[in-house]
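Welcome, and thanks for taking a look with me. Here are some numbered notes to help you find your way around.

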Amino acid sequence: MSIHSLCLPLWPSSEEKELRAAVAGIAGRFGHEYYRSKAATGEPMTELWERLGQGGYLGVSIPEEYGGSGAGLTELAIVLEELSAGGCPELALVLSQGIGGSVLARHGTEAQKRRYLPGIASGAEKFVFALTEPDAGSNSHNVATWAKRDGDDWIVRGTKYYISGIDHCDHFLLVARTGTDERTGRGRLTLFVVDDPAVRGLSRQLIPTALGAPERQFTLFFDDVRLPAEAVVGEVDNGLSALFDGLNPERVLSAVICTGVGRYAIDKAVRYVKERNVWGVPVGTYQGVQHPLAEAAIELAAAEAMVWRAAAEIDAGLPAGETANMAKFLASRAGYRALDAAIQMHGGNGMSHEYGLADLWGIVRLQQVAPVSTQMVLNHIAQHGLGLPRSY
């Protein structure tokens, strides 16, 4: 039994099997070296993205009436997992299809849906997401970037931090404070579409990181950026409601980046230790090599079970905050450990670009920090799952 078969959802449909095979074939034609070359330059994976768009794979979760296939998060997660298992984890799909597509499909006006969803479905237009701030990382209620009415328009001023891929996008979703709850002191938040990343009053600064992905990180500065009234998504002062319909899918998609990369790493390690011969037999003969890889495979399979449960709950319209957070927690650790084990089994070769492992460390390690940290996941489960007092 292969690691691939261990990690499949229970009783996958024939359509899901076909989807996996098709996307795996596309990822295989590009390969990890393609990903690495784009990560080195900060360029988007345009050729891969366009191929996925042409095949309809970027629109699997978008409603049919807006140019998609009308499937669900499960199918979108399959697409991203197969890309990641092929060595091409595509963060843009998390941001554009996962957050942008999910939020706009559920909370956009009819005009917004018709304007943006077809472009998301085809891949012709990309969204990113601007929430995090220097003093409001995990505490969304503490967002200080504010938007104030000016006639029918809104004026935005403030700073956003660690915003992924703003240089590759056509539009982005912005979370801004539009009021304060007098009882709690928490910010009342509103969600906006910013049509033009180069809009007047908006500037950006690159944040140098060790991430090693095509999507770079930026600080955004809003200096009286003017947005029209129709830029509001959902209800004014109730943006968190719309926001969480994007964040739970984001957690699931972050999880499948890890399970996909984990599969990729273990597959490479298994092939390597079957061939590597130092003492007269393949090094894969020894338990010291076999056991870490077997343990990594078990952890990946366990993480996958929660991933597909969370995706199924979201597709069924059920509350999925707990399972989405559990999936992200388990997968981020399992993927990281699988990659680490594969690097160790390669010895010094694990650090070589030729073997395509160490350069994926950043994208997998990131998932324990963002989009929600491991510690905040544990806080959520302790409070909402176990009924313990709020600890933060």
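1. Is Arg-188 buried, partly exposed or exposed? Arg-188 is partly exposed, at a relative accessible area of 33%. Please keep in mind throughout that this is a predicted model. The side chain of Arg-188 meets that of Asp-181 in a salt bridge, with 3.8 Å from N to O. Asp-181, on its side of the pair, counts as buried because its relative accessibility is 18%, and the cut-off for buried is under 20%.

2. Let us turn to the annotated regions. UniProt, in an unreviewed entry, places the feature "domain: Acyl-CoA dehydrogenase/oxidase N-terminal" at residues 14-123. In the model, that span is 73% helix and 0% strand, and its end C-alpha atoms are 25 Å apart. A further feature from an unreviewed UniProt entry, "domain: Acyl-CoA dehydrogenase/oxidase C-terminal", covers residues 238-384. Here the chain is 73% helix and 0% strand, with 21 Å between the end C-alpha atoms.

3. Helix α3 is a good place to zoom in. This helix runs over residues 46-54, and its buried residues are Leu-48, Trp-49, Leu-52 and Gly-53. These buried residues lie on the same side of α3, because they cover an arc of only 135 degrees around the axis. What do they pack against? Their partners are α2 (14-41), α4 (73-85), α5 (91-107) and α6 (110-122). Just after α3 comes Gly-56, which takes a positive phi of about 80 degrees.

4. Next, have a look at the interior. In soluble globular proteins, nonpolar side chains tend to be buried together. In this model the largest nonpolar core has 115 residues, and the members that touch the most others are Phe-129, Phe-172, Leu-173, Leu-174, Phe-192, Leu-227 and Val-252. Helix α7 (residues 239-275) supplies the largest share of this core, with 17 residues. Apart from it lies another core of 5 residues, including Phe-329, Val-372, Met-376 and Val-377.

5. Leu-173 deserves a closer view. Leaving aside residues up to four places away in sequence, Leu-173 touches a set of residues that includes Ile-99, Gly-100 and Val-103. Phe-127, Val-128, Phe-129 and Ala-130 are also among the contacts of Leu-173, as are Leu-191, Phe-192, Val-193 and Val-233.

6. Now for the charged pairs. How many salt bridges are there? The count comes to 17. One salt bridge joins Arg-226 to Asp-153, with the closest N and O atoms 3.1 Å apart. This pair links distant parts of the chain, since Arg-226 sits in strand β7 (residues 217-227) and Asp-153 in strand β3 (residues 153-164), 73 residues apart. Arg-226 is partly exposed, with a relative accessible area of 43%, and Asp-153 is partly exposed too, with 23%.

7. Another salt bridge brings together the side chains of Arg-337 and Glu-299, at 3.3 Å from N to O. Arg-337 belongs to helix α9 (residues 321-345) and Glu-299 to helix α8 (residues 287-315), so the pair ties together parts that are 38 residues apart in sequence. Arg-337 counts as partly exposed at 41% relative accessibility, and Glu-299 counts as partly exposed at 22%. Elsewhere you can find a network of salt bridges linking Arg-20, Glu-81, Glu-82 and Arg-263.

8. What about the cysteines? A search of the whole structure finds 0 disulfides. Cys-88 is in no disulfide, and the nearest cysteine sulfur, that of Cys-258, is 16 Å away. Is Cys-88 buried or exposed? Cys-88 counts as buried, with 0% relative accessibility. Cys-169 is buried as well, with a relative accessible area of 10%.

9. Finally, please stop at His-346. Where is His-346 found? His-346 is in the loop between α9 and α10 (361-366). This histidine counts as buried because its relative accessibility is 4%, and buried means under 20%. Not counting residues up to four places away in sequence, His-346 touches Lys-268, Ala-269, Tyr-272, Tyr-355 and Leu-357.

Key
Residues numbered from 1 in each chain as written. Predicted model: local features only at pLDDT ≥ 70, side-chain atom pairs only at ≥ 80, totals over all residues. Heavy atoms only, no water. Buried < 20%, exposed > 50% of the residue type's maximum accessible area, 1.4 Å probe, protein only. Helix = DSSP H or I, 4+ residues; strand = E, 2+ residues; numbered from the N terminus. Arc of directions from axis to C-beta. Contact = heavy atoms within 4.5 Å. Core = buried A, V, L, I, M, F, W, Y, C linked by side-chain atoms within 4.5 Å. UniProt positions renumbered as here; feature names shortened; annotations may be inferred. Salt bridge = Lys/Arg side-chain N within 4 Å of Asp/Glu carboxyl O. Disulfide = S-S within 2.5 Å.
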